[in-house]
Amino acid sequence: KEGSHAMTILIILNMAVYMYAATYGVEMNLSSSINNVLCIIPIVSTYLLPVMMIYNSASSVQIILAILLNLFLLPITINKCSKIVKNGILGYDSKDGGTK
C-alpha cells in the first residue's frame, strides 16, 4: 500500500513535469533562469532539456551537468529504493521468513 502511494505521487509528478515542458516550457522564454536550473534536475531534465536542445537554447555545460547529476544520483537512488522495497514490500525483515 505504501509503495502504491509513492508510485502514484511519482507518476503525477512525472506528468506535471511533462505538461510543463510540453506547453509552458516551449511558450516561455527557454533561456530564462528558472528553466536553466530546472533542466539540470534529474526528473525535469528528461523532458525540458530535449525541448531546449530543439530550440537551441541549451548550452553544452547544462547538458554535461544534467548527465553527470543523473549518473551520480542513479546509484544512490537504486541503493535507497532497494532498501525500501526489500523491507517494506517484500518483508525480508520479518522473523518468520515470509511476508509481514
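The legends below describe close-up views of a predicted model.

**View 1. Confidence along the predicted chain.** The protein has an average pLDDT of 75, and 72% of its residues score at least 70. Among the helices named here, helix 1 has the lowest confidence in the protein, with a mean of 75, whereas helix 4, which covers residues 60-89, has the highest, at 82.

**View 2. The largest nonpolar core.** Ten residues make up this core, namely V17, Y20, A21, C39, V44, L48, L49, M52, A58 and A66. Two elements, helix 1 (2-27) and helix 3 (42-54), give two or more residues each to this core, and helix 3 gives the most, with four residues. As a general background to such a view, nonpolar side chains in soluble globular proteins tend to be buried together.

**View 3. The surroundings of V17.** V17, one of the residues of the largest nonpolar core, touches I43, V44 and Y47 when residues up to four places away in sequence are not counted. Of these contacts, V44 also belongs to the largest nonpolar core, while I43 belongs to a nonpolar patch on the surface.

**View 4. A nonpolar patch on the surface.** M7, L10, I11, L13 and I43 form this patch, and together they have about 450 Å² of accessible area. Helix 1 gives the most to the nonpolar patch, with four residues.

**View 5. M7 within the patch.** M7 is found in helix 1 and is one of the residues that form the nonpolar patch on the surface. M7 counts as partly exposed because its relative accessible area is 47%, which lies between the 20% limit for buried residues and the 50% limit for exposed ones.

Terms used:
Residues are numbered from 1 along each chain as its sequence is written. This is a predicted model: local features need pLDDT of at least 70, side-chain atom pairs count only at pLDDT 80 or more; totals for chains, interfaces and linings use all residues. Side-chain values use heavy atoms; hydrogens and water are left out. A nonpolar core is a set of buried Ala, Val, Leu, Ile, Met, Phe, Trp, Tyr and Cys residues joined through side-chain atoms within 4.5 Å. Buried means under 20% relative accessible area, exposed over 50%, partly exposed in between (1.4 Å probe, protein chains only). Contact means heavy atoms within 4.5 Å. Patches are made of residues with over 30% relative accessible area and no salt bridge: like charges are joined within 9 Å, nonpolar side chains (Val, Leu, Ile, Met, Phe, Trp, Tyr) within 5 Å. Accessible areas come from the Shrake-Rupley method with a 1.4 Å probe; for residues, only the protein chains shown count as cover. A salt bridge is a side-chain nitrogen of Lys or Arg within 4 Å of a carboxyl oxygen of Asp or Glu. pLDDT is the predictor's confidence in each residue, from 0 to 100.
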